[in-house]
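Open the model in your viewer and set it to cartoon. This tour goes from one selection to the next.

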Amino acid sequence: MLDHHHIPQVDLEFMNHDHQETLVITNRLEELLTGSAPEDQIAAIDGAFFELLNHHHIHFEHENREMEKYGFPAYELHLAEHQHLLSDMDKELQHWLRTRDLVRAKDYVLNVFPHWLMNHLVNMDTVSATYIHRVRHDDLDQAQGF
């Protein structure tokens, strides 16, 4: 299970909030997939998987808007990472819906996705959030005449 105490906090509160929500959804999906009778939880697994994908669409849209608004220099690279995850997650969801392959779904939710998430938080989100936070405060200081 993903533990919120082990994920880095970034300089933008909306991102921290969205990352916490990611943990809640992912942990619920993990519980469903690893419980005593996951084959009896198909509808719940479907729902949690869809919720995780939808959550990331919304989160990334917000994050992408902020990066673009504040001129984050590595915007295109960061955007590509978001698009890559959404594509991969959608492929995994579609595979799950077609095959009900519990082994592959478990591997994605317990290994592949958490690895991507931690790597993305450390290497992408921390940098972009720090940059946006700094630029926001610089803009505020300029507006206030400092």
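Start with H2, in what is a predicted model. Select residues 42-69. H2 has 28 residues, and at 1.5 Å a residue it should span 40 Å. Put a distance between its end C-alpha atoms: they are 41 Å apart, which agrees with that expected span.

Now step just past the end of the helix. Select Gly 71, which follows H2. The phi of Gly 71 is positive, near 65 degrees.

**Zoom out**

Show the whole chain. The protein has 4 helices and 0 strands. From the N terminus on, the elements read α-α-α-α. Along its principal axes, the C-alpha trace spans about 60 × 30 × 20 Å.

**H1 against H2**

Add residues 13-34, which form H1. How far apart are the axes of H1 and H2? They lie 9 Å apart, and the two helices pack at an angle of about 165 degrees. An angle over 145 degrees counts as roughly antiparallel, so H1 and H2 are roughly antiparallel to each other. The crossing of H1 past H2 is left-handed.

**H2 against H3**

Hide H1 and select residues 75-99, which are helix H3. H2 and H3 pack at an angle of about 170 degrees, and their axes are 10 Å apart. H2 is therefore roughly antiparallel to H3 as well. Color this contact by residue class: 16 residues are nonpolar, 5 are polar and 5 are charged.

**The cavity**

Bring all the helices back. A search of the whole structure finds 1 cavity of 30 Å³ or more. The volume of the largest cavity is about 40 Å³.

Which helices each supply at least two residues of its lining? They are H1, H2 and H4, and H4 covers residues 102-143.

Show the lining side chains as sticks, in sequence order:

- His 19 and Thr 22
- His 56, His 59, Phe 60 and Glu 63
- Trp 116, Leu 117, His 120 and Asp 125

Color the lining by class too. How many of its residues are nonpolar, polar and charged? The lining divides into 3 nonpolar, 5 polar and 2 charged residues.

Finish with His 56 and His 120 both in view; each is one of the residues that line the largest cavity.

Methods
Residues are numbered from 1 along each chain as its sequence is written. This is a predicted model: local features need pLDDT of at least 70, side-chain atom pairs count only at pLDDT 80 or more; totals for chains, interfaces and linings use all residues. Side-chain values use heavy atoms; hydrogens and water are left out. On a 1 Å grid over the protein atoms alone, a cavity is a set of points where a 1.4 Å probe fits but cannot get out, and a pocket is an open set with protein on both sides within 12 Å along at least five of seven lines; lining residues have an atom within 4 Å of a point. Grid points are joined across faces, edges and corners, and a volume is the space filled by probe spheres set on the points. Ala, Val, Leu, Ile, Met, Phe, Trp, Tyr, Cys and Pro count as nonpolar, Asp, Glu, Lys and Arg as charged, and the others, Gly among them, as polar. The expected span of a helix is 1.5 Å times one less than its number of residues. Axes are lines fitted to C-alpha atoms, for helices over the stretch in contact, and angles run from 0 to 180 degrees between N-to-C directions. Angles under 35 degrees count as roughly parallel, over 145 as roughly antiparallel, 65 to 115 as roughly perpendicular and the rest as oblique. A crossing is left-handed if the near helix is turned anticlockwise from the far one by less than a right angle, and right-handed if clockwise.
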